[in-house]
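Student: Please take a close look at the aromatic cluster in this model. I would like the ring geometry, the placement along the chain and the burial of its members treated together.

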Amino acid sequence: SESTERHKTPTKMASAEIDFANASKTGEIPSFNGDEKAKATDFANYFCSYAQLYHQKQMLVDHVRMAAYHSAIMGNSSVFKDKVVMDVGTGSGILAVWAAKAGAKRVYAVEYTEMSKHAEKVMEANGVSDVVTVIRGAVEDVVLPREDFATDGESDTQFVDIIISEWMGYFLLRESMLDSLIRARDKFLKPRTGLMFPSHCTMYVAPITDEEERYQSCAEYANTMQDWSQFVETTKSTYGVDMSCLEAPFDREQNEYYLLSSKWAELKPNAILAEAQPVKMFDMITCTIEESRGLALDDELSSFDFDISDDYKDGAPISGFAGWFTSDFKSRTDANGADAPKLMSPAFLDTGPEAGYTHWGQQVFHLLSSIPVLPDQKVRLYGNLELMRTKENARLYNCRFRFKTSRRNESEPKDGNVLMESDLTEIVYQIP
């Protein structure tokens with residue numbers, strides 16, 4: 001999405017106690033089939049930040065992001081020439097401007113918030129208001145003006161040639177805007193010749209060393225629990241009320257906040273201890289709503305298997321995992337896309353540590369205790385990843401890691417003699 005408060009510190013909130021769930025009664029994002037209460041909650045928790053130019057600017061100064069979209073659109077102007085384009089979540093409208101400048105004959109820029117008023121000004125200021133029509137509303141609800149455009153599908157609404165959108169959230173899926181994109185695709189895009197920008201997205205995980213930040217989180221948790229103990233003593237001695245009965249739920253809250261929540265990070269490349277592995281791949285033409293809901297433990301790519309040796313970073317310990325994504329802008333690869341236009345200048349967006357700063361950064365999942373990497377030995381770290389939406393907020397996710405570790409001499413093959421193997425560890429993190 002063009003704007004959202006992605007760097008905001010998560011609030012310390014017991015989600016089970018929320019009266020206004022940020023989900024429809026069927027567990028969908030409220031913009032699809034939520035009642036008025038759910039939609040109001042969704043707007044307050046999610047969409048309202050879209051209307052702030054401050055947050056638009058955060059996205060617009062991300063040059064890795066900007067360069068990828070600019071290259072994808074302007075570098076393939078032959079694909080855009082005389083085409084009908086939809087920009088889902090246009091924000092301040094820069095992608096729509098580029099689409100018009102690349103030669104589109106009509107661009108529908110859809111925006112849910114009052115940012116649409118600013119987008120209209122941007123179209124006028126850049127001389128493309130005759131091409132771009134800004135439409136305010138949820139893309140699930142909008143009706144495009146019916147013009148004399150050809151379709152190649154069964155529905156007379158499928159006359160859009162290209163859908164462009166910057167819908168990606170932390171670790172790709174956070175915010176669940178992919179749902180909206182899929183529904184827009186199915187309703188408006190030409191099924192045989194239509195294109196999606198980006199066309200493919202891939203999620204990655206890798207083991208990392210990040211001890212300074214991991215220690216800091218542990219220290220903050222310890223400090224807040226020490227502060228609680230002093231609070232209990234003071235309240236009892238000063239006011240005669242025993243609050244110690246609340247220590248367990250307070251501890252659970254703080255544990256989830258400091259230790260079991262992922263952290264936004266801008267990791268250096270040398271923090272990565274083994275080559276990243278893909279855990280989910282999306283083809284934007286064929287992916288389904290079910291796929292957009294997350295990763296199941298039995299998904300084809302959800303398992304990982306890393307080998308880490310002490311010759312990297314002088315045997316730095318394993319502090320946890322990091323997750324990020326890449327997005328491709330390339331030709332269709334699905335079986336039904338043979339007649340679709342080909343992109344002569346593919347573009348690529350990488351949010352991993354090697355790419356430098358992006359506003360997405362990486363999501364870091366710190367272990368509760370680090371795993372040492374001993375001299376002349378290798379550590380095998382293997383298991384599965386599960387990503388599921390929270391019940392209370394369909395735009396947020398929990399991430400479950402299930403893994404084991406084993407140690408062997410460096411000369412041993414991966415399936416060779418094992419010196420030590422751990423029990424199965426299972427940790428569930430919030431992605432706030």
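Tutor: In this predicted model, ring pairs join Phe171, Phe304, Phe306, Phe321, Phe365, Phe401, Phe403 and Tyr429 into a cluster. The search of the whole structure finds 19 aromatic pairs. Two pairs among the cluster members may be examined in detail.

In the pair of Phe171 and Phe365, the ring centres are 6.1 Å apart and the planes stand at 55°, so the pair is tilted; edge-to-face would require an angle over 60 degrees. This pair links distant parts of the chain, with the two positions 194 residues apart. Phe171 belongs to the loop between β4 (162-164) and α8 (177-188), while Phe365 is in strand β12 (residues 362-371). Both Phe171 and Phe365 are buried.

The pair of Phe401 and Tyr429 has its ring centres 6.0 Å apart and its planes at 80°, and is therefore edge-to-face. Phe401 is part of strand β14 (residues 397-409) and Tyr429 of strand β16 (residues 425-431), so this contact ties together parts 28 residues apart in sequence. Phe401 is buried, at a relative accessible area of 0%. Tyr429 also counts as buried, because its relative accessibility is 1% and the cut-off is under 20%.

As for the setting, the protein has eleven helices and 16 strands, and 52% of its 432 residues count as buried. Among contacts with a separation of 6 or more, 77% involve residues 24 or more positions apart.

Key
Residues are numbered from 1 along each chain as its sequence is written. This is a predicted model: local features need pLDDT of at least 70, side-chain atom pairs count only at pLDDT 80 or more; totals for chains, interfaces and linings use all residues. Side-chain values use heavy atoms; hydrogens and water are left out. Helices (H or I, at least four residues) and strands (E, at least two) are DSSP runs, numbered from the N terminus. Buried means under 20% relative accessible area, exposed over 50%, partly exposed in between (1.4 Å probe, protein chains only). Contact means heavy atoms within 4.5 Å. Rings of Phe, Tyr and Trp (its six-membered ring) pair if their centres lie within 6.5 Å; planes under 30 degrees apart count as stacked, over 60 as edge-to-face and the rest as tilted.
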